[in-house]
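Hi everyone, thanks for coming. Please have a look at the chain on the screen, and I'll walk you through it.

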Amino acid sequence: RRYVALVVDALPHFNASLNAAAGTLLFVGWRFVRNGRVPPHRACMSAAFVCSVLFLISYLTRYALAGHQVYTGPAREFYLLLLGTHVTLAALVPFLALRTIYLAVSERFPEHRRWARVTFPIWMYVSVTGIWVYWMLYH
């Protein structure tokens with residue numbers, strides 16, 4: 001029981017770290033591809049995907065162990081708006097990311113670029129707002 005409590009307490013901080021890592025990797029990967037550096041772009045985007053998958057596993061584990069966290073701070077309307085957009089777009093990210101990655105692996109680069117122009121800003125928004133939601137809930 002004590003072990004579970006320690007895990008539940010640690011997971012939000014771990015999740016925020018994974019969101020920060022994913023967002024950083026996405027941005028750096030975007031900069032690489034803008035400069036024509038495809039291999040490091042691929043490495044950053046792959047690592048961002050791994051961070052996001054680990055986040056999802058960790059988030060679902062925390063939710064299964066402790067349920068949802070209730071926001072009790074100020075600016076509740078802002079928090080709910082932020083959370084609503086975050087959750088809605090977060091539900092799209094796995095599908096968008098998988099499709100975008102599939103197109104790159106399939107070497108269908110014109111389609112990959114079109115999908116990436118949609119996927120990238122949504123995925124970045126989810127990563128950044130995930131940190132913001134964490135900060136509002138736990139600090």
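Let's start with the largest pocket, whose volume comes to about 960 Å³. Its lining is made of 40 residues, and those closest to the centre are F55, Y59, H86, V87 and A90. Keep in mind that this is a predicted model, so please take every value today as computed from that prediction.

How do you find a space like that? Rolling a probe the size of a water molecule over the atoms shows where empty space is left.

Which helices supply the lining of the largest pocket? At least two residues come from each of α1 (2–34), α2 (38–66), α3 and α4. The largest share belongs to α3, with 12 residues.

So let's stay with α3. Its 30 residues should span 44 Å at 1.5 Å a residue, and the end C-alpha atoms are 43 Å apart, so the two values agree. Still, α3 has a kink of about 35 degrees at V93, shortly before the proline P94.

Is V93 buried or exposed? V93 has a relative accessible area of 9%, and because buried means under 20%, it counts as buried. Its company in α3 is Y79, L82, H86, L96, A97, T100 and L103, which are buried too. Notice that H86 also appeared among the residues closest to the centre of the pocket. The cover over the buried residues of α3 includes α2 and α4.

We can see one piece of that contact up close. Leaving out residues up to four places away in sequence, V93 touches I122, W123 and V126. V93 and I122 are 29 residues apart in sequence, yet their C-alpha atoms are 7.1 Å apart in space. Just after α3, E107 takes a positive phi of about 60 degrees.

Next comes α4, residues 109–138. Its 30 residues should span 44 Å at 1.5 Å a residue; the end C-alpha atoms are 41 Å apart, which agrees. There is a bend here as well, of about 35 degrees, at A116.

How many salt bridges does a search of the whole structure find? The search finds 1. Its partners are the side chains of R108 and E111, which meet at 2.9 Å, N to O. R108 counts as partly exposed because its relative accessibility is 29%. E111 is also partly exposed, with a relative accessible area of 25%.

Finally, let's go back to α1. This helix has 33 residues and reaches 48 Å from first to last C-alpha, close to the 48 Å expected at 1.5 Å a residue. The bend in α1 is about 30 degrees and sits at L11, with the proline P12 following within four residues.

Which residues of α1 are buried? Among them are V8, L11, N15, L18, A22, L26 and G29. Try reading those numbers aloud and listening to the spacing. An α-helix has 3.6 residues a turn, so residues three or four places apart point the same way. Both L11 and P12, from the bend we just met, are on the buried list too. What covers the buried residues of α1 includes α2 and α4. Just after α1, G36 takes a positive phi of about 75 degrees.

If you take one picture home, make it the pocket of about 960 Å³, with α3 giving the largest share of its lining. Thanks for listening, and I'm happy to take questions!

Key. Residues numbered from 1 in each chain as written. Predicted model: local features only at pLDDT ≥ 70, side-chain atom pairs only at ≥ 80, totals over all residues. Heavy atoms only, no water. Expected span 1.5 Å × (residues − 1). Bend = angle between axes of the 7 residues up to and from the residue. Salt bridge = Lys/Arg side-chain N within 4 Å of Asp/Glu carboxyl O. Buried < 20%, exposed > 50% of the residue type's maximum accessible area, 1.4 Å probe, protein only. Contact = heavy atoms within 4.5 Å. 1 Å grid on protein atoms, 1.4 Å probe; cavity = no way out; pocket = protein on both sides within 12 Å on 5 of 7 lines; lining within 4 Å. Points joined across faces, edges and corners; volume = space filled by probe spheres on them.
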